[in-house]
Amino acid sequence: QVQLVESGGGLVQPGGSLRLSCAASGSTFGDDAMAWFRQAPGKDREFVASINWSGIATFYANSVKDRFIISRDNAKNTVYLQMDNLEPEDTAVYYCGEDETPRVGVPSGRRVDYDCWGQGTQVTVSA
């Protein structure tokens, strides 16, 4: 059974940084695209960033481009999200997702393409 466990969230001041991690077990992690999504109170879950199985191809939401970096370590079955220059608008619960369908090209940014989800980690950006 696939299990994804996010960690690294917390409270940070505007302009600060956080690094999220998502550890996978029981899955074909090394073959699958991974992504980060986030959900703020009262809002739908939205795409943040995705990365293909090898780590070569990435895709970002416009709102986080040039501030966030997604990466992965297949030897550790872990995907990361480095978040810099955080803004209050980044406050949300952050979830990682795993896409078990083989695809070519840019990793998907569509929520429906991700089959497995973690429980989420809270990120709060506030002075």
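**Two asparagines, one disulfide and an arginine in a loop**

In this predicted model, N77 sits in the loop that runs between β7 (68-73) and β8 (78-83). Its backbone is worth a look: phi is positive, at about 50°, although N77 is not a glycine. With a relative accessibility of 26%, N77 counts as partly exposed, because that class covers values from the 20% limit for buried residues up to the 50% limit for exposed ones.

A second asparagine can be described along similar lines. N85 is placed in the loop between β8 and β9 (92-99), and phi of N85 is near 50°, again a positive value in a residue other than glycine. The relative accessibility of N85 is 45%, so this residue is counted as partly exposed.

Turning to the cysteines, the count of disulfides comes to one. The bond joins C22 to C96, with an S to S distance of 1.9 Å, which falls within the 2.5 Å required of a pair of cysteine sulfur atoms. The link of C22 and C96 is right-handed, with 45° about the S-S bond. Since C22 belongs to strand β3 (residues 18-25) and C96 to strand β9, the pair ties together parts of the chain that are 74 residues apart in sequence. Both ends of the bond are shielded: C22 is buried at 0% relative accessibility, and C96 is buried too, with a relative accessible area of 0%.

What, then, is the nearest cysteine sulfur to C116? That sulfur belongs to C96 and is 9.7 Å away, and C116 is in no disulfide. A separation of this kind does not meet the criterion, because a disulfide calls for sulfur atoms within 2.5 Å. C116 is nonetheless buried, at 13% relative accessibility, a value that earns this label because buried means under 20%.

The last residue considered here is R111, found in the loop between β9 and β10 (116-117). R111 has a relative accessible area of 42% and is therefore partly exposed. Apart from neighbours within four places in sequence, R111 is in contact with F37, R45 and W117. Looking further along the chain, R111 and S126 are 15 residues apart, and their C-alpha atoms are separated by 27 Å.

Key:
Residues are numbered from 1 along each chain as its sequence is written. This is a predicted model: local features need pLDDT of at least 70, side-chain atom pairs count only at pLDDT 80 or more; totals for chains, interfaces and linings use all residues. Side-chain values use heavy atoms; hydrogens and water are left out. Helices (H or I, at least four residues) and strands (E, at least two) are DSSP runs, numbered from the N terminus. Buried means under 20% relative accessible area, exposed over 50%, partly exposed in between (1.4 Å probe, protein chains only). Contact means heavy atoms within 4.5 Å.
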